[in-house]
Amino acid sequence: ADGKLTHVQPVGADPKKFNEESTAPYGVGAFLLAGSEIYRMAALEWKFHWTIITAPPPRDHYVVEITNPSGLWRDSETIELDSVLSNEMKGPNGEHTRNYMIGTGPIGMLAVFAKLVVMDGVSSQILDSQYYFSPMDARETNQKLIFQVDLAPYETRRFYILPDKALAAVPPPIVKTFVRYAPERHDDFAWESDRIAHRLFGKALETWAEEPLTSSGFDVWIKRTRSLVINQMYGSMKFFDTNGVAQDDFKVGKTRGDGGLGIWDGNELHVSANWRHWKLITTGPIRSEFELTYDAWDAGNGRLVSETKRISIDAGSNLSRVESTFSSDDKSPLQIGVGLAERPGFNVVLPIQNAMLEPWGYIGSWQTSTGQGLVVQNQTEGWMTYWQPQDFTKGVTAVAIVLPKNSVQTFTNDVPNLPASKFASPTKTVTEGQPALRDLLAIAPAEIGQPFVYYFGAGWDKSGDFTDAKSWNDYIRRFAARRDQPLQVTIGN
């Protein structure tokens with residue numbers, strides 16, 4: 001009754017003669033392991049009582065097997081099961097789920113009558129999961145079930161999809177992502193994971209009397225907590241508090257900030273104004289996702305182009321996924337430039353190729369100090385990182401973009417003749433960080449009406465995750481490697 005586990009035989013004791021009140025941690029561990037096995041067995045044996053349903057789901061649970069085909073550790077990797085056709089790519093991992101598709105198949109039928117939960121096949125732990133509807137186009141709505149796994153190199157793990165009615169209780173999830181429209185700050189739209197936060201500027205900011213700004217660049221909020229901070233930041237409006245758990249130390253200005261884009265004509269980057277309309281798709285423990293639309297703008301030679309951005313961020317990730325779809329009466333291909341804002345200070349640019357011995361030793365030995373930054377560009381793998389010059393006691397903000405493999409045609413910038421004097425040593429700032437001087441750009445092709453998918457993100461050397469430029473570059477390099485070696489997912493019974 002008091003929760004104490006007794007009758008645990010002491011080490012070396014006679015199994016027939018020991019104190020019945022004896023307890024020990026190894027006894028508790030064995031008891032819990034046995035209990036988790038029995039709990040899973042009971043859950044898998046549970047059956048629906050279909051008294052009035054004429055077409056019940058064919059099964060009461062489903063088995064999901066996930067294989068890591070790579071030699072990489074896969075931490076906090078999102079598994080996405082959905083209702084698109086099984087021969088199509090599924091989300092960031094490209095999973096193929098055969099004939100058991102969420103929404104249109106048997107599992108979707110199960111979801112009609114109960115909330116879906118995901119159980120770990122080893123520990124019987126109920127994993128945090130999220131079930132939501134993701135609009136695809138005017139005709140279809142894609143239903144998704146997502147959860148996260150940790151896998152060792154080449155490991156295969158088993159998980160179970162169950163109705164919540166099969167369990168005595170379902171623990172509340174730990175919510176690690178958030179997104180919302182913030183009208184109280186002139187139409188900001190802000191989103192975050194447990195690692196980083198971002199925002200985009202809305203139309204009201206263009207006419208704000210105190211500090212008007214027209215920019216579709218991505219802003220960054222750095223933080224040193226795993227907690228969600230957006231509501232706290234907007235509640236206090238103390239964006240530049242260096243003693244807080246989060247702050248704004250990233251000045252976007254007219255640039256692309258951290259991963260914004262524009263249309264590149266070979267000499268000039270043509271960019272949109274602030275976003276005009278928003279749509280919230282989901283926010284929850286695993287993912288937050290939303291859409292923003294931008295009015296048409298002149299992309300050069302009088303050609304008008306408009307854009308819809310679908311952006312999502314997953315728990316445990318420093319990178320957001322963006323899917324940009326362009327519309328234009330002129331259906332010829334576009335050249336887009338995805339950019340990172342460059343700051344004052346001495347910035348080393350280091351191009352690398354997979355065919356070369358990548359100079360990680362150089363990056364590791366490269367020491368950062370006030371006024372120094374490091375740009376690393378990998379054209380084949382499609383990524384660019386920027387370990388910004390240190391902003392005095394505020395530390396270093398690191399940013400990156402990851403485009404599709406083999407899509408980057410060239411790396412360039414939008415102001416090639418910027419005077420050297422502009423890169424003089426940074427000056428101490430009271431509010432947000434150093435001024436944005438120009439855009440470092442990755443140039444890639446895009447088709448009208450076809451989504452262009454890429455990733456962008458940021459980190460901070462005071463977050464505890466990235467202590468130097470090498471750790472940030474390693475993170476982005478591994479992210480690209482995971483993109484190229486998707487987890488293998490099958491669903492059965």
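This section describes the fold, strand pairing, salt bridges and one surface patch of a predicted model.

The secondary structure of the protein consists of five helices and 27 strands. Of the 493 residues in the protein, 53% are buried. Among contacts with a separation of 6 or more, 68% are accounted for by residues 24 or more positions apart. The exposed area of the protein comes to about 22100 Å², and carbon and sulfur atoms supply 54% of this area.

Strand E25 covers residues 438-446, and eight of its nine residues are buried. Strand E25 pairs with strand E19, residues 334-342, in an antiparallel arrangement joined by nine bridges. Within this pairing, leucine 334 has alanine 446 of E25 as its bridge partner. Strand E25 also pairs with E24, again in the antiparallel sense, over four bridges. Here isoleucine 443 in E25 stands opposite threonine 410. Strand E24 spans residues 410-413.

Side chains of opposite charge can pair when their charged atoms come close. In the present model, the count comes to 36 salt bridges. One of these is formed by the side chains of lysine 144 and glutamate 80, with an N to O distance of 2.7 Å. Lysine 144 belongs to strand E6 (residues 141-151) and glutamate 80 to strand E2 (residues 74-82), so the salt bridge ties together parts that are 64 residues apart in sequence. Lysine 144 and glutamate 80 are both buried.

A salt bridge also links the side chains of aspartate 249 and lysine 394, at 3.3 Å from N to O. Aspartate 249 lies in the loop between strand E12 (246-247) and strand E13 (258-264), whereas lysine 394 lies in the loop between strand E22 (383-387) and strand E23 (397-402); the pair therefore ties together parts that are 145 residues apart in sequence. Both aspartate 249 and lysine 394 are buried.

The loop between E12 and E13 also holds lysine 251, whose side chain meets that of glutamate 432 in a salt bridge with an N to O distance of 3.5 Å. Because glutamate 432 is placed in the loop between strand E24 and strand E25, this pair ties together parts that are 181 residues apart in sequence. Glutamate 432 has a relative accessibility of 14% and so counts as buried. Lysine 251, at 31% relative accessibility, counts as partly exposed, since the partly exposed class lies between the limits of 20% and 50%. In addition, salt bridges that share partners join Arg185, Asp188, Arg199, Asp219 and Asp248 into one network.

On the surface, Val28, Phe31 and Leu32 make a nonpolar patch of about 290 Å². Valine 28 is placed in helix H1, which comprises residues 25-45. The relative accessible area of valine 28 is 33%, so this residue is partly exposed. This value also meets the patch requirement of over 30% relative accessible area.

Conventions: Residues numbered from 1 in each chain as written. Predicted model: local features only at pLDDT ≥ 70, side-chain atom pairs only at ≥ 80, totals over all residues. Heavy atoms only, no water. Salt bridge = Lys/Arg side-chain N within 4 Å of Asp/Glu carboxyl O. Helix = DSSP H or I, 4+ residues; strand = E, 2+ residues; numbered from the N terminus. Buried < 20%, exposed > 50% of the residue type's maximum accessible area, 1.4 Å probe, protein only. Patch = residues over 30% accessible without salt bridge, like charges linked within 9 Å, V, L, I, M, F, W, Y side chains within 5 Å. Areas by Shrake-Rupley, 256 points an atom, 1.4 Å probe, with all protein chains shown as cover. Contact = heavy atoms within 4.5 Å. Pairing = 2+ DSSP bridges.
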